Each structure stands twice: as C-alpha cells, then as structure tokens.
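I am opening a fresh notebook page for this chain and want to set down what I look up, one entry at a time. The sequence and the model come first, and my notes follow.

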Amino acid sequence: MSDNLTNHQENLLDTLRQACKKIAPVWPLENFVAVNPYLGQIDKKFETVAHDLATAGGIQMTLPVSFYMQKFREGKINSDDLTSALQKHGDRVDAAEFIKKLESNPEASELTESVLSVADVATHVTNKDWKRFVISRVSTWAASYFDTGQAIWSAADQNEGMFTSWKAEAAVDRTPELTGLSGFRKLIKAIPDNPLEATALALEKLGIPTEGIPIYLHRILLSVGGWSAYTARLDWDNVLNGGPAANGE
C-alpha cells in the first residue's frame, strides 16, 4: 500500500470519526441517562451548530422568525434587547434596520438548504420512497447485529466487524432487487472488503468534494439517528472501560 493511499485512508478515518462524534450517545431504558444532544459539538458556537444541523438534517435549533417577530410586536422583545444581541454577535446593523430587513423578507433567514443523500434524491426523482426503504434495511440488519439474545434467529454475524457482517448479509439479501434495485447483490460483492476503501470508493462515485464530505456523512448518520446514537453509546462505554475508540470497522 502506497504512502499516499495510507495518508488518504488516515484522513478519511479521521473525517469519519469526527462525523460520528457529532452524534450524542443514548442509553437503553433500563439504565437511561440524560444526555446533551449537542454533546459532540459543544466546542462550537451556537450559530455554527445550528447551521450544520439545518444543513445536515433539516433540524432547527430555534423557533421560526415569525415567533420572535410576534414577541417584538408584543413588546416582550425590545430594541435594546436586539441591539445588545447584535453587538454581542459582532453585527454593526442597528435594531431598526434589522427589523426592517426581517419584515421585508421574513422567511429569508429560515431558508437553509439541507444536504440530500442518494436515497433522498432517488425518492424525489422516482417518486418512490427509497429513503424509507434504506432506513428499513439498515435498521433490520442493525437490530440483528446488535441483538443481545432476544431474537430467536439472527441474520447478522455478530462475530465479525460491522462492515464485514453487513456486507456478507447484503450480498445475499434479495429484498433490494425485488424492490427494483437490479444487480444489487453483484454490486455489493464487488465493493472492497476494507471499510475505508469501500467508503472512499462510494464518495468518489458520488463525486462529493472533500470539503463537503463531513456534512454529507453527518447527514447519513442523522438519517438513522437512533442506531447512530446506539453505536455512539457502545463506543462511549468501550472507551470508558479502557478499550480503544471505534477504528472505522
């Protein structure tokens, strides 16, 4: 393996880890622990996290602008409040100009375009809910892989790493082809066995620019947020007990 490839994989692994850290862990109900949902992003400014979540998952961290405008008209928010907030933010716009701008186009500050996944695009183009289908297949596999003895029969090999186990199951799963994805199993068998190489190949095929990879990965994780949070908790517990952090497998 060349040095360039090694460096590329190390950079990709670091990007994957950073994306995973944005997902807060969640504990099962029998020992539920309240967790700050923004735990992985507490080192960032509020507006940065708000923009990232809106872009990655259409998640809004504030109420609509119309709510605050109504409070301004009711006098519960006044010009002094706005001036103070604008100054703290570093804006030189005065309160009157700020309100005038919002009144002329109240929806402008709420329009943050979300990143679309392949499943999102396919759903829009074909008018078939591929997004729901993908989430269903991932959830079905994850439920089997992370099962702790409740299920009578398991479809996932729990003795293998996550990617290896998923690939083995996906390579024989006829459901995608029966749903319309012809050649799915053949495609799965052809992708690299190494998870980093497979990820790099997928990102290359999608043509996602380097600077857009972190937000796209965050989008993917948010689309299966429950399982993402569950695996984040497994990683958290492993590190807490002296084990290594997730290594990409």
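**Entry 1: a start at one alanine**

Is Ala168 buried, partly exposed or exposed? I looked up its relative accessibility, which is 48%, so Ala168 counts as partly exposed, given that the exposed class begins only over 50%. I placed Ala168 in helix α8, which covers residues 162–170. I then took the separation of the C-alpha atoms of Ala168 and Arg185 and found 9.8 Å, for two residues that are 17 apart along the chain.

**Entry 2: confidence and overall make-up**

Before going further I noted that this is a predicted model, and I checked how far the predictor trusts it. The mean pLDDT of the protein is 85, and 89% of its residues reach 70 or more. Confidence is lowest in helix α5 (residues 95–104), where the mean is 82, and highest in helix α10 (residues 184–190), where it is 96. I keep in mind that predicted coordinates should not be read in detail where pLDDT is low.

For the secondary structure I counted 13 helices and zero strands. Of the 249 residues, 27% count as buried, and the accessible surface comes to about 16600 Å², with 57% of it belonging to carbon and sulfur atoms. Among contacts between residues at least 6 apart in sequence, I find that 56% join residues at least 24 apart.

**Entry 3: the nonpolar cores**

Which residues of the largest nonpolar core touch the most other members? The core has 13 residues, and the ones I wrote down for this are Leu12, Leu16, Leu196, Leu203, Ile208, Ile213 and Leu217. Helices α1 (3–21), α11 (195–206) and α12 (213–223) each supply at least two residues of this core. Apart from it lies another core, made of seven residues that include Phe163, Ala171, Ile191 and Ala198. I also followed Ile213 on its own, and, with residues up to four places away in sequence left out, Ile213 touches Thr15, Leu203 and Ile208. As background I add that in soluble globular proteins nonpolar side chains tend to be buried together.

**Entry 4: a nonpolar patch on the surface**

I next turned to the outside, where Leu63, Phe67 and Tyr68 make a nonpolar surface patch of about 260 Å². Phe67 sits in helix α3, residues 65–73. Why can Phe67 be part of a patch? Its relative accessible area is 34%, which makes Phe67 partly exposed, and a patch takes in residues with over 30%.

**Entry 5: two buried residues and their contacts**

Phe133, in helix α7 (residues 130–145), gave me a contrast with Phe67, for Phe133 is buried at a relative accessible area of 16%, whereas Phe67 is partly exposed. Leaving out residues up to four places away in sequence, I find Phe133 touching Thr175, Pro176, Thr179 and Leu181. The C-alpha atoms of Phe133 and Thr175 are separated by 9.9 Å, with their positions 42 residues apart along the chain.

Ser117 lies in the loop between α5 and α6 (118–126), and, despite its place in a loop, Ser117 counts as buried, at 9% relative accessibility. Its contacts, again without neighbours within four places in sequence, are with Tyr216, Arg219 and Ile220.

**Entry 6: salt bridges**

How many salt bridges does the count come to? The count is nine, and I looked at several of the pairs in turn.

Asp193 forms a salt bridge with Lys167, with the closest N and O atoms 2.4 Å apart. Asp193 lies in the loop between α10 and α11 and Lys167 in helix α8, so this pair ties together parts that are 26 residues apart in sequence. The two ends differ in cover, since Asp193 is exposed at 60%, while Lys167 counts as buried at 9%.

Lys44 and Asp52 also meet through their side chains in a salt bridge, at 3.7 Å from N to O. Here Lys44 is partly exposed, at 32%, and Asp52 is buried, at 15%.

Arg185, which I had already met in the first entry, has its side chain in a salt bridge with that of Glu177, at 2.9 Å from N to O, and Glu177 is partly exposed, with a relative accessible area of 25%. Last, I noted that Lys71, Glu74 and Lys76 are joined into one network by salt bridges that share partners.

Terms used
Residues numbered from 1 in each chain as written. Predicted model: local features only at pLDDT ≥ 70, side-chain atom pairs only at ≥ 80, totals over all residues. Heavy atoms only, no water. Core = buried A, V, L, I, M, F, W, Y, C linked by side-chain atoms within 4.5 Å. Buried < 20%, exposed > 50% of the residue type's maximum accessible area, 1.4 Å probe, protein only. Helix = DSSP H or I, 4+ residues; strand = E, 2+ residues; numbered from the N terminus. Contact = heavy atoms within 4.5 Å. Patch = residues over 30% accessible without salt bridge, like charges linked within 9 Å, V, L, I, M, F, W, Y side chains within 5 Å. Areas by Shrake-Rupley, 256 points an atom, 1.4 Å probe, with all protein chains shown as cover. Salt bridge = Lys/Arg side-chain N within 4 Å of Asp/Glu carboxyl O. pLDDT = per-residue confidence, 0-100.
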